[in-house]
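Biologist: I would like to learn how to read a structure of this kind feature by feature, beginning with strand pairing and then going on to pockets, loops and backbone angles. Could we look at it together?

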Amino acid sequence: MIRAFLLILLFFSGVAFSQNKLHLIPYPQKVEFQKGEFIIPENFKFDKNLPVKETAYFKKRTAGMFTFSSGKKEEGAHLVNTLFTPQSVIGQQKKEKYAIEVSSGGIVINSSTNQGYFLALQTLIQLIEQYKDSGKIPAMKIEDEPKFAWRGMHLDVCRHFFTVDEVKQYIDYLAMYKLNTFHWHLTDDQGWRIEIKKYPKLTQIGSKRKESMIGAYVDNTFDGKPYGPYFYTQDQIKEVVKYAQERHITVVPEIEMPGHALAALSAYPELACTKGPFEPATKWGVFDDVFCPKEETFTFLENVLDEVIQLFPSQYIHIGGDECPKTRWKECPHCQELIRKNNLKNEHGLQSYFIHRIEKYVNSKGRKIIGWDEILEGGLAPNAAIMSWTGIKGGVEAAKTGHFAVMTPGSYCYFDHYQGDPATEPNAFGGFTPLDKVYSYNPIPEELNAEQSKYILGVQANLWTEYILDFKQVQYMIFPRLFALSEVGWGTADPKNYKEFEGRVIHEFKNLDKLGINYAKSIYNVSGKVVPSENGVAYELSTSQDQNGIRYTLNGKDPEANASIYKNPVPVSKSMTIKSAYFENGQLKSAISSQTFTISKTTGKKITLLEQPSENYSFGGEFTLVDGIIGNQRQLGKTWLGFQGKDVVATIDFGQKAQFSEVYFNTLDNKGSWIHFAKSAQIFVSDNGTDFKLIKEIGKEEILSAKGKIKVNVGIQNSKYIKVNIENAGIIPAGNPGADSKAWLFVDEIGVN
């Protein structure tokens, strides 16, 4: 039976209302303002037939604002005529459809399901927050439903653990902004966080580690403090799942396989290809020891999944499948025999065999598997869905072959990346994913036609916690980017109107303040962008506030209220440090941003790359290599370009013949993240851009000796073009994290003097 849920409020007469745009996040699909207004009463009166749990949630969220009472229809409640038709409730999005009508007579919520009613309450709470000071809500009609069925957030509790109460808070944040999926990453190399009664050593041994890596990865330092034991009992898991269900959020558990298994192998080493011993990882990164695909391993995993499936009613069970090195499998007689016996092509085929077996078992329990896009290796299991994280390619491939996909590319959806200037932000994993970039994301790849696009379930952001030590930092990393994700998933994000969205974000900060949530204030800071100029480059400054409030200096000193007022992009014709900040009424209102420029003869010149960088590490594109900014080797932020398995072949056009004798560039080494120094480099010159002459070759030993900071004398040259070929390390050798996978090559500025 289709129900119309009515929320009727006591009211008083009022005057005409000024109808400004609503501050709602996510913004509804359709808003129509009408004449009149609803006077917010001191006492809310509810129809007695409203869904109990959802209405109780509303009362809890608005506690302290009102008193509450309920009454029968004849005491003031009344039904509405317009109901959703039965056909419209097919599919997840339609179950979440709702309408709200605000008039002088009250507020009517119309929905076919409790879930739709709950989502309408989120909208109503935000309306009350916006208009409570004025005491009246403008009359309006809202018709709303999401575009995507999967609107998710992920939380890694393995690298750093969070309590049941903190996980509940996280779920509350999702509910407040209409996300509907919580992806709970429960097992990894650094910790096993879920009680499995059949295998008690998983938590006795696997839930603790002897110490943890601290600081930047390149520092390779540890705190020397035991971590754990930390895990969730099955009763706690049930408590969290029930809590999420009451907020109409699906909890999707992740049990990693076949890689990221060190914590499990520490407890049950017989499941590995070698004898061990093993211990939960104290470093971050990827490790060679993985589950061995033998019968006792499958028995173990099936027994684990049995208990997991009993705890989580979700349609999908996430089985990981990412970053599985094949080193041990290559050396393992059992694995090699399994490859021969099953006519598998190679170890990638063996991974596919592994995933197929697990999928068949999960399907037999009435569930489906979802995994990271590496489960495409060797052929995707028949009913599997994928999470496309390495870019959009995996999602495109899945959709074109009739498999569902959730889009979660690192370049837009990894909230462990920096969201502001790395120099002013807490230590993060790397990358650069500011609020506007998240907001610009379209989960439907252009390569897909209308029919294929139906296989894109939705969008999700991921929060890996290597560098997130406590829950306050969790809050900081997800807010305000969760707002952008919310609107992208709802389908109302419009990058052309980003500034309007930013205004709604700043308004919503007041509610975060009231809730005591620690959020990033990066959008208040002055941000800088290097742009080409007639004589090289210029530095373009911007802020979410009044541009006239930006002050800057060119002498390296911190700006004060009387410093230069920013009007136009600042020309950068020589090496200098530009510092900037936002002032309001003479008071400093932002962090001080600082950018140092090292100008060379390539700065601002035309550059072309033979191969483009990975989508995850491509901020600024090829111009990043000639923007005058030297990358910080401790921060993989916005000043580096990353290439997986590709060489950097960069050709720079000076515009006319230029004389130089020195060439410099930097590469990185961070083996735990599969980043390796370049294998070699060659420098060429040309006068016509076609015929190039080799003038210098740099070998591996020279690169290692220089620790990746390459500066070489090439003799006096006079040419119009320079080409630098920086060779990727190729396939990662055995004994290194990610062995047998493609290495990453990170490069920053290419300069000449």
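Biologist: Which residue in S34 is the bridge partner of Val 685?

Modeller: This is a predicted model, and in it the bridge partner of Val 685 in S34 is Lys 693. That pair belongs to a set of five bridges by which S33 and strand S34 (residues 693-698) pair in the antiparallel sense. The two strands form a hairpin with six residues between them, and in the turn Gly 689 has a positive phi of about 80°.

Biologist: How are the strands ordered in the open sheet of three strands, and is the pairing parallel or antiparallel?

Modeller: The order is S22-S23-S26, and the pairing is antiparallel. At the edges are strand S22 (527-533) and strand S26 (570-572), each of which pairs on one side only, and the twist from one strand to the next averages 30°. Between S22 and strand S23 (residues 536-542) there are seven bridges, and Val 530 stands opposite Tyr 539 in S23.

Biologist: In what order do the eight strands of the barrel follow one another?

Modeller: The barrel closes in the order S8-S9-S14-S15-S16-S17-S18-S21, with parallel pairing. Its neighbouring strands are turned against each other by 30° on average, with direction ignored. As an example of a single pairing, strand S18 (residues 405-407) and strand S21 (residues 456-461) run parallel and are joined by three bridges, with Ala 405 opposite Ile 456 in S21.

Biologist: How should I read the side chains along a strand, and which residues of S24 point one way and which the other?

Modeller: The general idea is that side chains in a regular strand alternate between the two faces of the sheet. In strand S24 (residues 550-553), Ile 550 and Tyr 552 point one way while Arg 551 and Thr 553 point the other way, and all of them are buried. S24 is joined by four bridges to strand S27 (residues 576-584), in antiparallel fashion, and it pairs over two bridges, again in the antiparallel sense, with strand S25 (residues 564-565). Arg 551 takes part in both pairings, since it stands opposite Ala 581 in S27 and has Ile 565 as its bridge partner in S25.

Biologist: Turning to empty space, what is the volume of the second largest pocket, and which residues lie nearest its centre?

Modeller: Empty space is found by rolling a probe the size of a water molecule over the atoms. The second largest pocket has a volume of about 1,000 Å³, and of the 41 residues that line it, Phe 432, Asp 436, Ser 527, Gly 528 and Phe 619 lie nearest its centre. Helix H14 (435-439), helix H18 (498-515), S22, S23 and strand S29 (593-597) each supply at least two lining residues, and the largest share, four residues, comes from S22. Sorted by class, the lining has 13 nonpolar, 18 polar and 10 charged residues.

Biologist: Where is Phe 677 found, and why does it count as buried?

Modeller: Phe 677 is in the loop between strand S32 (648-666) and strand S33 (680-686), and it counts as buried because its relative accessible area is 14%, where the cut-off is under 20%. Setting aside residues up to four places away in sequence, Phe 677 touches several residues, among them Thr 667, Ile 703, Leu 704, Lys 707 and Ala 729. Thr 667 is found in the loop between S32 and S33 and is buried, with a relative accessible area of 1%. The contacts of Thr 667 include Gln 633, Trp 640, Phe 677, Lys 707 and Phe 746.

Biologist: Lys 707 appears in both contact lists; is Lys 707 buried or exposed, and what is its phi?

Modeller: Lys 707 counts as exposed, at 61% relative accessibility, and its phi is positive, about 55°, although it is not a glycine. Lys 707 lies in the loop between helix H19 (700-705) and strand S35 (709-727). Asn 220 also has a positive phi, near 50°, and is partly exposed, with a relative accessible area of 42%.

Biologist: Which residues are joined by cis peptide bonds?

Modeller: One cis peptide bond joins Ile 25 and Pro 26, with omega about -5°, and another joins Met 257 and Pro 258, with omega about -10°. Pro 26 is in the loop between strand S1 (6-7) and strand S2 (30-39), whereas Pro 258 is in the loop between strand S14 (250-257) and helix H7 (262-267).

Conventions
Residues numbered from 1 in each chain as written. Predicted model: local features only at pLDDT ≥ 70, side-chain atom pairs only at ≥ 80, totals over all residues. Heavy atoms only, no water. Buried < 20%, exposed > 50% of the residue type's maximum accessible area, 1.4 Å probe, protein only. Contact = heavy atoms within 4.5 Å. Pairing = 2+ DSSP bridges. Axes fitted to C-alpha atoms, helices over the stretch in contact; angles between N-to-C directions. 1 Å grid on protein atoms, 1.4 Å probe; cavity = no way out; pocket = protein on both sides within 12 Å on 5 of 7 lines; lining within 4 Å. Points joined across faces, edges and corners; volume = space filled by probe spheres on them. Nonpolar A, V, L, I, M, F, W, Y, C, P; charged D, E, K, R; others polar.
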